[in-house]
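Here are my notes on the model you sent round. Please read them with the coordinates open.

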Amino acid sequence: MAHSKEDGEYQPWLRVDLESLKCIWAVKLVNRYADCCWERTANALITVALSEQEIFYESDKTGNFCGYHDGQLSRYNTTITCITAITGRFVQVLLNTTTILNLYEVEVHGV
């Protein structure tokens with residue numbers, strides 16, 4: 001489970017290190033829905049990079065753009081499909097808003 005500061009922050013993010021290069025085609029975000037807070041997850045920006053230095057923290061510098069979900073995500077889960085498959089080692093989920101990041105699970109789909 002991922003969680004940020006209790007009072008929220010601007011553009012909270014979570015990064016996944018796949019430990020080797022993969023061809024990424026989608027990212028599934030599983031919300032924390034059983035107990036509370038699913039409505040906090042909105043405006044999800046997904047980027048993929050070969051190295052940590054390629055990933056940016058601001059939404060206007062998207063690195064290797066995978067996909068974006070505008071607005072609130074589903075109560076249970078939302079799959080964001082990349083516009084085109086991207087090769088990379090790092091996958092970042094950035095919420096382009098001021099909120100609390102509290103995802104239950106992040107699944108990276110690829111080969």
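The points below go from the overall fold to single residues.

1. **Status and make-up.** This is a predicted model. The protein chain has 0 helices and 7 strands. From the N terminus on, the order of elements is β-β-β-β-β-β-β.

2. **Chain-level numbers.** The protein chain has 111 residues, and 39% of them are buried. Its exposed area is about 5900 Å². Carbon and sulfur atoms supply 48% of that area. Take the contacts between residues at least 6 apart in sequence: 82% of them join residues at least 24 apart.

3. **The sheet.** Which strands form the open sheet, and in what order? There are 5 strands, in the order S4-S3-S5-S2-S7, and the pairing is antiparallel. The edge strands are S4 (64–72) and S7 (103–110), and each of them pairs on one side only. From one strand to the next, the twist averages 20 degrees. As a reminder, strands of a sheet pair through backbone hydrogen bonds, either parallel or antiparallel.

4. **S2 with S5.** How many bridges join S2 to S5? The count is 13, and the two strands run antiparallel. Two pairs help to fix the register. Trp13 has Leu94 in S5 as its bridge partner. Ile24 stands opposite Ile86 in S5.

5. **S2 with S7.** This pairing is also antiparallel, over 7 bridges. Val27 has Val108 in S7 as its bridge partner. For Ala26, the bridge partner in S7 is His109.

6. **S3 with S5.** Here 6 bridges hold an antiparallel pairing. Ala44 stands opposite Leu95 in S5.

7. **The nonpolar core.** Which members of the largest nonpolar core touch the most other members? They are Leu29 and Ile46, out of 16 residues. The elements that give two or more residues to this core are S2 (13–31), S3 (42–49) and S5 (77–95). S5 gives the most, with 6 residues.

8. **Ile46 in detail.** Leave aside neighbours within four places in sequence. Ile46 is then in contact with Val27, Asn64, Phe65, Cys66, Gly67, Ile80, Val91, Gln92 and Val93. Anyone checking packing in the core could start from that list.

9. **Arg15.** This residue is in strand S2. Its side chain has a polar contact of 3.1 Å with the side chain of Glu52. A second polar contact, of 2.9 Å, joins the side chains of Arg15 and Gln92. Gln92 also appears among the contacts of Ile46.

10. **Thr41.** Is Thr41 buried or exposed? Its relative accessibility is 1%, so Thr41 counts as buried, the cut-off being under 20%. Thr41 is found in the loop between S2 and S3. The side chain of Thr41 makes a polar contact of 2.7 Å with the side chain of Asn31. Not counting residues up to four places away in sequence, Thr41 touches Asn31, Gln72, Leu73, Leu95, Asn102 and Leu103. Leu95 is also the residue that Ala44 stands opposite.

11. **Gln11: positive phi.** Most residues other than glycine have a negative phi. Gln11 is not a glycine, yet has a positive phi of about 50 degrees. Where does Gln11 lie? It lies in the loop between strand S1 (9–10) and S2. Gln11 counts as buried because its relative accessibility is 5%.

12. **Glu19: positive phi.** Glu19 has a positive phi too, near 70 degrees, and is a residue other than glycine. Glu19 lies in strand S2. Its relative accessibility is 67%, so Glu19 counts as exposed, the cut-off being over 50%. The two cases thus sit apart in setting: Gln11 is in a loop and buried, whereas Glu19 is in a strand and exposed.

13. **Recap.** The sheet order is S4-S3-S5-S2-S7, with antiparallel pairing. S5 gives the most residues to the largest core. Leu29 and Ile46 touch the most other members there. Positive phi values to look at in the model include Gln11 at about 50 degrees and Glu19 near 70 degrees.

Definitions and conventions. Residues are numbered from 1 along each chain as its sequence is written. This is a predicted model: local features need pLDDT of at least 70, side-chain atom pairs count only at pLDDT 80 or more; totals for chains, interfaces and linings use all residues. Side-chain values use heavy atoms; hydrogens and water are left out. A nonpolar core is a set of buried Ala, Val, Leu, Ile, Met, Phe, Trp, Tyr and Cys residues joined through side-chain atoms within 4.5 Å. Buried means under 20% relative accessible area, exposed over 50%, partly exposed in between (1.4 Å probe, protein chains only). Helices (H or I, at least four residues) and strands (E, at least two) are DSSP runs, numbered from the N terminus. Contact means heavy atoms within 4.5 Å. A polar contact is a pair of N or O atoms within 3.5 Å; within protein, one must be able to donate a hydrogen and the other to accept it, and residues adjacent in sequence count only if both atoms are side-chain atoms. Two strands pair if DSSP finds at least two bridges between them. Axes are lines fitted to C-alpha atoms, for helices over the stretch in contact, and angles run from 0 to 180 degrees between N-to-C directions. Accessible areas come from the Shrake-Rupley method with a 1.4 Å probe; for residues, only the protein chains shown count as cover.
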